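Q: I have a structure open in front of me and would like to learn how to read it. Could we go through it together, step by step?

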Amino acid sequence: MDAIRFTLNGAEVSYAGSAADRLLDVLRNNYRCTSVKCGCREGECGACSVLMDGVLVNSCCVAMGAVEGAEIVTLEGYRETKRFAALADAYGQVSAVQCGFCIPGMVLASEALLAKNPHPTEEEIREGLSGNLCRCTGYNAIVNAVAIAAKEGDGLW
Amino acid sequence: MEEISRSVVKKDHAAKVSGRSIYVADYPSDGVLTGRLLHAKTARAKMIGVELPELPDGYYYVDARDIPGDNNVNIVLDDMPVFCRDTVEYIGEAIGMLIGPDEKKVEELLGEIKVYLEEMEPVLDMRKAEKNFFEYNFGHGDVGQAFAEADRVFDEEFETGYQEQAYLEPQGMMAEIEPDGRVFVHGSIQCVYYVHNALKRVLGCGDEGVHVLQDVTGGGFGGKEAWPSILACQVAVAAKVTGKPVRCVFGRREDMEYTSKRHPSYCHYRAAVKDGKVTAIDADVIYNAGAYSTLSAVVLQRGLIAAPGIYNIPNIRIHGTAAKTNTTPSGAYRGFGGPQTFFAVETLMNHIARELGVDALAFKEMHIAKQGDLTSTAGRYHFPVPVKEMIEEVDAACDYRKKRAEYASPQTGRYRRGIGMSMYFHGAGFTGSGERDLIKAVAKLRKYSDDTVEILAANGDIGQGVRTTFSKIVAHELGLPLERVIFEHPDTGRVPDSGPTVASRSLMVVGELLRRAAIHLKEIWADGKEQEVEERFKEPDFVLPFSIETFEGDAYPTFAWAVNAIELEVDTYTGVAKVLGAWGDFDIGTPADYNVALGQMEGGFLQGIGYASIEKMDYNQYGRIRNNSFSDYLIPTTMDVPKLVCMFHVEKYPDGPYGAKGAGEVPLVGAPAAYVDAMEQALGGIPLNHAPFTAEDTLAAIRKEAI
């Protein structure tokens, strides 16, 4: 069988393993993308969120066969961007990060939302982040952080 | 705002927000073996034995026979085994561990192990327990006479369910043998010294034989107080046998089903009322401890101490038991026994007021204890009780009294509204004399020749922000920029035992030790010199010593106070309740960092609302927990409580740093009482007696009462 070719954080890679393997495991084990967290392995918590062709997906529920030709972005790649810097700064201003385990997924969910809707209302932010569970913050700080990033990072998205 | 309260960017922000923080599952796997536990599938049985498949080279199985020391996890009593002894006591109990290089192969081999046992009838109902691990009885006044002279007597039962901590990072631990033979264990941990002491006993070694590091920890909420001691012993035994590093990280279902969670409770309250006031409370409380005692003694104590609520009731009798059942051991969860009895007593007070035809809020206000009054344990409320002012603050924030009056009028139509309130405390720090007699906290500051200062303390940042708040305190006293104060995750090989990261104690107790240490260091400061200072816990002079035998004295030096209001709208067609707003006013003394403290309040309050409404977990007739995933056990998302408003009311505590007192747990405790109060009002004033109160419960109540 041919290897599965895809783009990971801008680099062309090919995966020779099974098409049935989970993207989550492959990212963590084969490419050391440990920002991608495993919180449930069944698509409920969002800790393993990555961007696949710009769309937020739970990498635990994506089989490698579906990744052929796709562009995958994890925090390892995204953290090199200006958009990330704006989000990181906003999260920091309001101390939106507690235990941090949901945060890589939250940051990518924030990006997916702002890329589609650069000036979201609070309700739209809440909806945009609704697939990502956080047990620490009660979400207010995270929602505020996204609003701050949208405002202060005006023009980036 | 106090200067210390001004928020800073958290110490761990950059590493966490960029995904660079390494949690235990993130260490490279090279040369590391994977361990998976063989869990019992029967709630109660005699063990006969296991039959292993043929294990390929490099694969191992360990169980109780491989333990070098004592097969006992050091918690409170000596009953929790590392690997099961001659009986199985709950579904999920660890029989052994299978270890090997390839995770899939380990899983496959695990499935091929045959377990032989003789099944026994499990005890599942806490009210039919054959054994109580703990039983306490205390009170004051003359309860008998108060009931004899009462105008009316109220008799009610209340129940609360499990609550799963649902930290986003599951339990995980790793052990390796260092070249000098020392066992090194690290992982997702709240209390490094609990783990350290447990390992010494199980490995049969001294302090020099082991050290424990807290890795970056993805939430705890009490769930990583005792359980890591068990998992650490299991992986350490595996590392000893294999001679290789071993890591075990739980799957979500494994974690939800088999690790400790909040104690389900059953409370039977009787209250005597004379001349419109409650003159006596007589409470019988049962907490379902599960199969092993773990932390149930202390959880029950805290629950019982809170049993009469924040009210000054002249005659009380409190009786409580921690019942043994063949279910997952219950354990620590934020609030630690408080939420159950506060739910009971707050709901009882609401029901009494309704029966007497008086306003519940005014009725409660009439009974609130004040500074100088006796506590339930005949100690004193040494400091102001600010609850009445806090009620006014909440009323101003949400128009409570006006809405309460409005929703009391008969409602018709599909959507019905209610608003409810709870008022409560959370005793700050360890219960009783634990801080003085058991913990004896020590904290150190070490200054290096480059004049940076390192905090040496055992408290772990599990998201609550102690790396930041401790550092702020030290930097503030020394006049140093925050980046010159270092506080790494604790390693028992290099930090003193400043006690566990529990009981809302870290900042109040250890933070104060660090403040004093910093003042001392400033006095002796010599540029460019290496220096070290140490501080030890001393009980404040005003404390009336607590006796666990008589339950008398100050169970806590001070209290965090809170008032919660929750407004909701019920869809009577579907039973689904929408929280329109939740307001929490919290007195945690001086916030050591405004954003950090606010994050604690908001996160804790939302967990409490989850516990009140959607977080339902139960076991089936075999004792197996069915709600073992995020699809079956729902926790709040961004959409559930969009209007969540937390406020601070500051009563400074003179023995906490800058007036700070216990903060972490208080926001969770009162939500079920406020939520169910609101639900009762939306449903036309029917009395409800349990939490969580789910959409299914609402539909059942609507059907039963023909609403």
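Q: What percentage of the 707 residues of chain B count as buried?

A: Let's start with a caution: this is a predicted model. To judge burial, we ask how crowded the surroundings of a residue are, and a residue with 20 or more other C-beta atoms within 10 Å of its own is called buried. In chain B, 59% of the 707 residues count as buried.

Q: How confident is the predictor in chain B, on average?

A: It helps to check this early, because where pLDDT is low, the predicted coordinates should not be read in detail. Chain B averages a pLDDT of 97, and 100% of the residues score at least 70. For the complex, the predictor gives an ipTM of 0.99 and a pTM of 0.98.

Q: How many helices and strands does chain B have, and how compact is the chain?

A: Chain B contains 18 helices and 24 strands. Its radius of gyration is 25 Å, close to the 27 Å that the globule rule gives for 707 residues, so chain B is as compact as a globular protein of that length. Along the principal axes, its C-alpha trace spans about 75 × 70 × 45 Å. Sequence separation adds to the picture: among contacts in chain B with a separation of 6 or more, 82% are between residues 24 or more positions apart.

Q: Now a single strand, please. Are the faces of strand β12 of chain B covered or open?

A: For a strand, look at the residues on each side in turn. In β12 (residues 246-249) of chain B, both faces are covered. B:Val246 and B:Cys248 are buried on one side, and B:Arg247 and B:Val249 are buried on the other.

Q: Which strand pairs with β12(B) in the parallel sense, and which one runs antiparallel to it?

A: Strand β1 (residues 33-39) of chain B is the parallel partner, over 2 bridges. The antiparallel one is β9 (residues 172-177) of chain B, joined to β12(B) by 4 bridges. Look at B:Val246 in β12(B): it is the bridge partner of B:Leu33, and B:Ala175 stands opposite B:Val246 too.

Q: How many residues does each chain bring to the contact between chains A and B?

A: The size of an interface is often given as the accessible area lost when the parts come together, but here we can count residues. The contact takes 43 residues from chain B and 40 residues from chain A. On the side of chain B, α1 (13-17) and α15 (594-613) are the elements that give two or more residues. The largest share, 7 residues, comes from α15(B). By type, this side of chain B divides into 18 nonpolar, 18 polar and 7 charged residues.

Definitions and conventions. Residues numbered from 1 in each chain as written. Chains lettered and ligands numbered in written order. Predicted model: local features only at pLDDT ≥ 70, side-chain atom pairs only at ≥ 80, totals over all residues. Buried ≥ 20, exposed ≤ 12 C-beta atoms within 10 Å, placed from the backbone. Pairing = 2+ DSSP bridges. Contact = placed C-beta atoms within 7 Å. Nonpolar A, V, L, I, M, F, W, Y, C, P; charged D, E, K, R; others polar. pLDDT = per-residue confidence, 0-100. Rg over C-alpha atoms; globule rule 2.2 N^0.38 Å.
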